[in-house]
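Please open the structure in your viewer and keep the sequence panel beside it, since this tour moves from one selection to the next. At each stop, select the residues named and then read what is to be found there.

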Amino acid sequence: IKYKMIDENTGVEWLPSVSIQDLCHLRSNLENEVVRGLFCVYGSWNKDLHHAESLLRKWNPLVGAGRKFVAGMVQVDESDDSMDAFCGDNGCTNSIGCNIPNELPSLLAVVQASSKNQSFISIVRDVPPKQITKPSSATLTALTYRNVKATFNSLILGVADTGKKRKISSPNSEKKSEHTECALRIFVAGDRANVGKTSICLGLLGTLLRNGYKASDLAYIKPATQDESQQLLQLYCQKKGICCKPIGPIVFYKGFTRAFLAGDTESSTEMLQRVSSDVATISRGKRVVIIDGVGYPAVGSICGTDNVAVAEASGYSTDQPLGVLLVGPSGVGHAVDSFNLNANYFESRGIPVMGVIFNKHYYSLDNCKEQVLSYFKDYRTNYMPFGFVPMSPELASDNPLDQVELFIDNFAQHVDIEAILQKARVVKESQTPSFFLNPTKKGRNEKHRKRTSHTSKEGRLSRHEIEEKAKAAGAQTRN
């Protein structure tokens, strides 16, 4: 490929004139190098592409990440051969390998999944040609940027426009080695308290047991909680022999928030370090670990320990996040709106969302399912729902532990657990999606650390002292 030059300000390797054939070779030549790229594909009839060039030159979402990022301009009708390569016509086998856009110019994203020696190409959806040539506002430019990031996310998760998915291995075919394998980690988060996160965790564990996993292969942990009472999931894990830690290092007990703000508790950093340690400990020798969130995603944000921070601390490493499984409500509009809000909360801070299970459907499940699936198919193809779980009266009985197998039967019929495991594997094996990392996130955590680290461990109050102080101040007891 000719005309390579490096933009010194962004680190983008700029390719001002790339043919479709060059792009196809670029795709095949990515096998031995981690490369991500963004290209503008256009026709000879397209004019005023100066903004597109400027946009591509300044957008390096991997800046500072130590990975090559390339960008350039691609004319699709340079020759008959290039048109065949772009459209995949006339038996051309050297095509770009993705769906083609309805209009030009359009943006094309390229990602190399180094762990699988495989690369993907995808058209960036929902970016009108006028937004590439003549953006009408800063808001639309920001929207384009979000769509670009969403496309890179889908490619990193291993699903391109072609709909191709990675092969799923059966549990018994997976090789175990403490040096080369570690447990899949799945973080379960909800749109609000009592949406059924813990019930979904129970369904996941029960279905995994039925699918051939041993109890010794599985583990459950809730790193942060507001409720210390015994839960059905804890009883189930004890009955089946599944390693379980229902109360982790972060407990939002009465008076905790005030004590945190006064500097009388551990700092955010210290609490999250204990989360990382506990998750790593319970994951040893396991194959799947279910990590239960608390409340809605922002719970704990005042202490720097919201669900995003806990999910980040629960990841495979500081540079390799786990995937989030969202639990959403029933209905249609409320279900979709809730997913969009909460998925953005995680992904805007660098934590990939794998998908969603909609829980507690109590009316017109089939109708709701049809409408919600229609929305995701048309507008959010990267996040097709994993299932729709109807109301489960078994869990509300006087002896829910005796009825739990009926709930697992119901769960297994309505949730595609293999698709969840597949996404979790791809997240684990992929390179860090560092272009999601919010550059101000470190600053926020640092503020929390500085605000609380002035109090030494010897000077901190005990939990009993904090609760008594809160009670004297009129704090209400949690139910």
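The tour below begins with the whole chain and then visits cores, rings, helices and a loop.

**The whole chain**

Before selecting anything, keep in mind that this is a predicted model. Show the protein chain as a cartoon, in which 16 helices and 15 strands can be followed. Of its 479 residues, 51% count as buried. Among the contacts that join residues at least 6 apart in sequence, 79% are between residues at least 24 apart.

**The nonpolar cores**

Select Ile-186 and Phe-346 next, as these are the residues with the most contacts inside the largest nonpolar core, which has 85 residues. Staying with Ile-186 and leaving out residues up to four places away in sequence, you can display the residues that Ile-186 touches, among them Val-288, Val-289, Ile-290 and Ile-291, and also Gly-323, Leu-325 and Met-354. Further along the sequence, Ile-420, Leu-421 and Ala-424 also touch Ile-186. A second core, separate from this one, has 20 residues, including Trp-14, Leu-38, Leu-49 and Ala-52.

**Phe-256 and its ring partner**

Now select Phe-256, which lies in helix α8, residues 256–261. Is Phe-256 buried or exposed? Its relative accessible area is 5%, so Phe-256 is buried. Setting aside residues up to four places away in sequence, Phe-256 touches Val-251, Thr-265, Met-271, Cys-303 and Ile-466. Of these, Ile-466 is worth a separate look, for Phe-256 and Ile-466 are 210 residues apart along the chain, yet their C-alpha atoms are separated by 6.9 Å.

The structure holds eleven aromatic pairs, and one of them is formed by Phe-252 and Phe-256. Their ring centres are 5.8 Å apart and their planes stand at 75°, so this pair is edge-to-face. Both Phe-252 and Phe-256 are buried.

**Tyr-375, Phe-376 and the ring cluster**

Move on to Tyr-375 and Phe-376, whose ring centres are 5.5 Å apart and whose planes stand at 90°, so that this pair too is edge-to-face. Tyr-375 is partly exposed, with a relative accessible area of 21%, whereas Phe-376, at 0%, counts as buried. To see the wider setting, add Phe-339, Phe-358, Tyr-379, Tyr-383 and Phe-388 to the selection, since ring pairs link these residues with Tyr-375 and Phe-376 into a cluster.

**Helices α11 and α12**

Next, colour helix α11, residues 333–347, and helix α12, residues 365–379, whose axes come within 10 Å and cross at roughly 40°. That angle makes α11 oblique to α12. On the α11 side the contact is made by Val-336, Phe-339 and Asn-340, and on the α12 side by Val-372, Tyr-375 and Phe-376. By class, this contact of α11 with α12 has five nonpolar residues, one polar residue and no charged residues.

**The loop at Asp-126**

For the last stop, select Asp-126, in the loop between strand β6, residues 118–123, and helix α4, residues 129–133. Asp-126 is exposed, with a relative accessible area of 52%. Which residues is Asp-126 in contact with, leaving aside its neighbours within four places in sequence? They are Asn-147 and Tyr-379, and Tyr-379 is also one of the residues in the ring cluster. Asn-147 is 21 residues from Asp-126 in sequence, while the two lie 7.1 Å apart in space, C-alpha to C-alpha.

Methods
Residues numbered from 1 in each chain as written. Predicted model: local features only at pLDDT ≥ 70, side-chain atom pairs only at ≥ 80, totals over all residues. Heavy atoms only, no water. Helix = DSSP H or I, 4+ residues; strand = E, 2+ residues; numbered from the N terminus. Buried < 20%, exposed > 50% of the residue type's maximum accessible area, 1.4 Å probe, protein only. Contact = heavy atoms within 4.5 Å. Core = buried A, V, L, I, M, F, W, Y, C linked by side-chain atoms within 4.5 Å. Phe/Tyr/Trp six-rings, centres within 6.5 Å; stacked < 30°, edge-to-face > 60°. Axes fitted to C-alpha atoms, helices over the stretch in contact; angles between N-to-C directions. Parallel < 35°, antiparallel > 145°, perpendicular 65-115°, else oblique. Nonpolar A, V, L, I, M, F, W, Y, C, P; charged D, E, K, R; others polar.
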